[in-house]
Amino acid sequence: MDKRATTGGLPRARGVHARAMEIMRVCGVEEDLRRRELDITPGAVWQETLAGPPLREDTPGAAEAPVSPCEGLSISQDVFEDVLRAHARDHAAADLRTGVEVVALDGTEATLVSPSGARSRVRARYVIAADGARSPIRAGLGIGLAGPDDLGSQRMIAFRADLTPWTGPRPRGIYFLTAHGAALIWTHPDNRWVVGIPAQLDTMDGPEETVRRVLGLPELSPEILGGSAWTAAAQSATAYRSGPVFLVGDAAHRVPPAGATGVGAAMHDAHNLAWKLAYVLNGHSASALLDTYAAEREPIGARNATETAAAWSRVWNPDGPPFAGRSLRQLDMGHHYRSAAVIPDGSPDMDPPGAGYTPTATPGCRAPHHPLPGGRSTIDLFDRDFVLLAASGEWEAAARLPLSCRVIADPDWAAAYGIGPAGAVLVRPDGHVAWRRAELGESPVADLTAALARVTAGRPALADPLPG
């Protein structure tokens, strides 16, 4: 259900990072999104005004490209959601209801109100609350938020104007206009832009004059499309689950726009939860597996809130102390999950702050990208089922288990995944490593069977750890 009848209105975000695009790739949505992509020049530039010379530039390097088969995507959130809605409508298992609002939730029985005002009830086994930063469902469950709720108020003005004389045909990702503490981004190919300004600058001048003043372009004639006020926050819910109800996206965490991490984090939540719900509902796993959603995503939500708050402060205070947190790539891909759905092998924490992102097949981490024949990637193998990636054909006997097996006879792959020439790695449907075995062992099928049973049970084992 979505209480909005359409995705129109003001754009709320304009960035999707590579890990989220990997998810879109596996879901078959990436190609349609790429058709709507904005042709920007990546990076940021600081100027007093748009009319003035650059004071500082930040352009990401190309060295990280081999980390993923996907690049990030520059697309306005309203366009992004239009593409997702179209795919959802075409999905055989989906019942997409727009303009329908959940006005009450009693356990898993929801009271709905349609656009005509008609009321109805729907009962489900589980509820995913993706109802935004002000989540009525979260509030009704009594779940609080931890972290600062006011990192500064902003006013957003959406307008249309031809700024190519100052930006060129491929605008930069973002312009920080330091004379007024403003930020400018391009949102649509038909010359639509958004400028964000501190709330105290929202004077009686009117939006047209405000845009002219902030951009330093007194002769500009912007067409004002709308505006809204918002307050930056860096918070994470104190619990991501209450019985059969799960919080995802902005209902679970609020982050400032530094680095554009909000959309990706929401998709990571849903991706983590979806396969677990499917396994439980299809009888492949006990309901305890669902406990691992909160165990895995709550620490990441709290981490992201803390990191983006520091980055947001740094954006407007470049002369302050150096930022010592995680890079955007690390925030996007560096999650090291720890739960009963992961069997540790004694490896250290692979997601410390300030270390940058290093691809690793350590259990709990995202299985690294490795190119396969035909322009494919190992990322393309992780979808609905557990996948065993093996360096030796002796593991193929495991194909009789409820998983797929792929033998990769490439020593570079084995080295990248931290295994020997006869080792194997078990990867979950969400692309995170569940178990790793460096060598073949005496009973590979028995070892794998035990590992699969443990990670799908959702309960920590009482016995000694499985061999790694």
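This passage describes two helices and two nonpolar cores of a predicted model. Local features need pLDDT of at least 70 and side-chain atom pairs count only at pLDDT 80 or more, while totals for chains, interfaces and linings use all residues. Residues are numbered from 1 along each chain as its sequence is written, and side-chain values use heavy atoms, with hydrogens and water left out.

Helix H3 (helices, H or I, of at least four residues and strands, E, of at least two are DSSP runs numbered from the N terminus) covers residues 77-90. Its 14 residues reach 20 Å from first to last C-alpha, close to the 20 Å expected (1.5 Å times one less than the number of residues). Among its buried residues (under 20% relative accessible area, 1.4 Å probe, protein chains only) are Phe80, Val83 and Arg85. The buried residues of H3 pack against helices H1, H2 and H7 and strand E10.

H7 also features in the largest nonpolar core (buried Ala, Val, Leu, Ile, Met, Phe, Trp, Tyr and Cys residues joined through side-chain atoms within 4.5 Å), which has 40 residues. H7 supplies the largest share of this core, five residues. Trp395 is one of the residues with the most contacts inside the core. Beyond its neighbours within four places in sequence, tryptophan 395 is in contact (heavy atoms within 4.5 Å) with residues including Leu388, Trp435 and Leu448.

A second, separate core of 21 residues includes Tyr175, Ala182, Trp186 and Trp193. Helix H6 (residues 207-215) buries Thr210, Val211, Arg212, Val214 and Leu215, and its buried residues pack against strands E8, E9, E10, E11 and E12. Glycine 216 follows H6, with a positive phi near 75°.

Notes
Buried < 20%, exposed > 50% of the residue type's maximum accessible area, 1.4 Å probe, protein only.
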